[in-house]
Amino acid sequence: MTQERVFSLSWTKYEWKFVLLHQIRTIINMCFAEGTIVLTDNGYKTIEEISVGDNIMTHKNVFRQCVNILKTETHNELLEINAMSFYRLNCDKEQEFYIRRLFRYGHKWIRAFHEPEWVAAKDLDKNCYLGYAINTKEEIPIWEGSIDNRWGHHRQVNALKPFLDNGDFWYLMGRYVGDGWRRDDASHKAIIIVCNERDLISLKAVLDLLNWNYTEVKEGSVKKITIYSRELCEFVRRFGYKAYGKFIDNGTLNLPVSLLKRFIDGLIESDGCYNKKTNHWHLTTVSRTLAISYCQAVAKVYHSPLKVNMCIMPQKTTIEGRIVNQRDMYIVRFKKEPAKQDKAFYENGYIWFPITSISQIQAQSPLYSLEIQEDKSFTANGAIVKGL
């Protein structure tokens, strides 16, 4: 029988030095590059923005507290991992992922999977399926209203609270995230949603059902719908600012499935489309964080495989005779009904996605890792990974 050495005060100083160096090297090697997005109970943050005390989503689909952050300057070999729903996960080769390994059996070569396990990035291959934790909460956000300081008054206004369990309200919020912005002047506060003639009918129908006042103005080839409301202008701050800074906040991701579905409907109608040939719904956005948080919403509602692709765009383009700046685009595709031929699959609160490529990349610095209370894991760009 093989004997394993345990910690002992009788070890020599050289044995202690070897063990400590090995542990330090292992910890340092389990790291991610800047820009990696982590799911917290306060929305998505880049890994460099995480603070001790933040509550982080773990591989058990719960939120645990971050108790330590390791930042290291390193020149170790890094790997870039791309999977069906994960884009550009740049990490050290020793970083561990929560995976299930594909195998086949029988004369019909039936597909099956081993139980979940932790595997280092250097040992991953295309038979490994990365785990994706799904938000299982179903709760209505708490909204305390906003303060109205006009005309020397100081009063709390909370006219939105009765609408927070209304699917039409969340459909409108989806339309706002896709094609809206807020007007935040000192004298006039409003949200503005832009749409074409085709989508105007459904938008106005929802506004009429909510019994909200609005103005409609034609501007070029589109219509601008303006809803004057100081409180609504404050409420939509949760979704970020400008097209490249939009995201779906955790309060929205925590919604009951029926309400989150209506939010997705609104977002698709403003920034998406349906492809009859492939039976896929598409969403296009210039916000990487919106693409990742949208994947979480779709996974929760439909338990369906999805794909994320990045389109690298020229820095300049011409629109209606004007030269304008443009950003890279992210395209998310999914089917509302899973099919037998799908490579990814849902099981027991997780979706498992196949790896599409693994490549060595130039070393980046600094790198980060997180120590999470109890579960020792977190999500990186959606994938479940091991922390310190």
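This section walks through the fold of a predicted model, from its overall make-up to its sheets, helices and a few single residues.

The protein contains seven helices and 28 strands. Of its 388 residues, 48% are buried. Contacts across the chain often bridge long stretches of sequence: among those between residues at least 6 apart, 67% join residues at least 24 apart. One such pairing of distant segments appears at the end of this section.

A good place to start is the open sheet of four strands whose order is β14-β15-β17-β16, with antiparallel pairing. Its edges are formed by β14 (180–184) and β16, each of which has a single partner strand, so one side of each is left without a neighbour in the sheet. On average, and with direction ignored, neighbouring strands here are turned by 25° against each other. Inside this sheet, β15 (residues 189–195) pairs with β17 over six bridges in the antiparallel sense, and Ile192 stands opposite Thr226 of β17. On the other side of β17 (residues 222–228), five bridges link that strand to β16 (residues 215–219), again in the antiparallel sense. Here Glu219 faces Val222 of β17. The two strands β16 and β17 make a hairpin with two residues between them, and Gly220 in the turn has a positive phi of about 70°.

Two helices pack on this sheet. Helix α2 lies across β14, β15 and β17 and runs at about 75° to β15. Helix α3 (residues 197–210) lies across β15, β16 and β17, but its direction is at about 20° to β17.

Helix α2 repays a closer look. This helix covers residues 167–179, and at 1.5 Å a residue its 13 residues should span 18 Å; the C-alpha atoms at its ends are indeed 18 Å apart, so expectation and model agree. At the N-terminal end, Asn166 acts as a cap, with a side-chain oxygen 2.7 Å from the backbone nitrogen of Asp168. Because 12 of the 13 residues of α2 are buried, the helix is largely enclosed by the rest of the structure. The buried set includes the aromatic residues Phe169, Trp170, Tyr171 and Tyr176, and also Asp168 and Arg175. Glycines are found there too, namely Gly167, Gly174 and Gly178, along with Leu172, Met173 and Val177.

A second open sheet of four strands follows the order β18-β19-β23-β20, also with antiparallel pairing. Its edge strands, β18 (272–275) and β20 (306–311), each pair on one side only. Neighbouring strands in this sheet are turned by 20° against each other on average, direction ignored. Strand β18 runs antiparallel to β19 (residues 280–285), and four bridges join the two. Within that pairing, Asn275 has His280 of β19 as its bridge partner. Helix α7 (residues 288–302) lies across β19, β20 and β23 (329–334), at about 10° to β23.

Another hairpin is found earlier in the chain. Strands β8 (residues 96–105) and β9 (residues 110–113) run antiparallel and are joined by four bridges, with Ile110 of β9 as the bridge partner of Tyr105. This hairpin has four residues between its strands, and Gly106 in the turn shows a positive phi of about 80°.

The cysteines may be of interest at the bench. The structure holds zero disulfides. For Cys31, the nearest cysteine sulfur is that of Cys91, at 9.7 Å, whereas a disulfide would need the two sulfur atoms within 2.5 Å. Cys31 has 0% relative accessibility and therefore counts as buried. Cys295 is likewise buried, with a relative accessible area of 3%.

Finally, Gln360 gives an example of segments that are distant in sequence meeting in space. This residue belongs to strand β25 (residues 350–361). With a relative accessible area of 57%, Gln360 passes the 50% cut-off and so is exposed. Its C-alpha atom is 6.2 Å from that of Glu80, although the two residues are 280 apart in sequence. Leaving aside residues up to four places away in sequence, Gln360 touches Glu77, Leu78 and Leu79.

Key:
Residues numbered from 1 in each chain as written. Heavy atoms only, no water. Expected span 1.5 Å × (residues − 1). Buried < 20%, exposed > 50% of the residue type's maximum accessible area, 1.4 Å probe, protein only. Polar contact = N/O pair within 3.5 Å; in protein donor to acceptor, adjacent residues only side chain to side chain. Pairing = 2+ DSSP bridges. Axes fitted to C-alpha atoms, helices over the stretch in contact; angles between N-to-C directions. Contact = heavy atoms within 4.5 Å.
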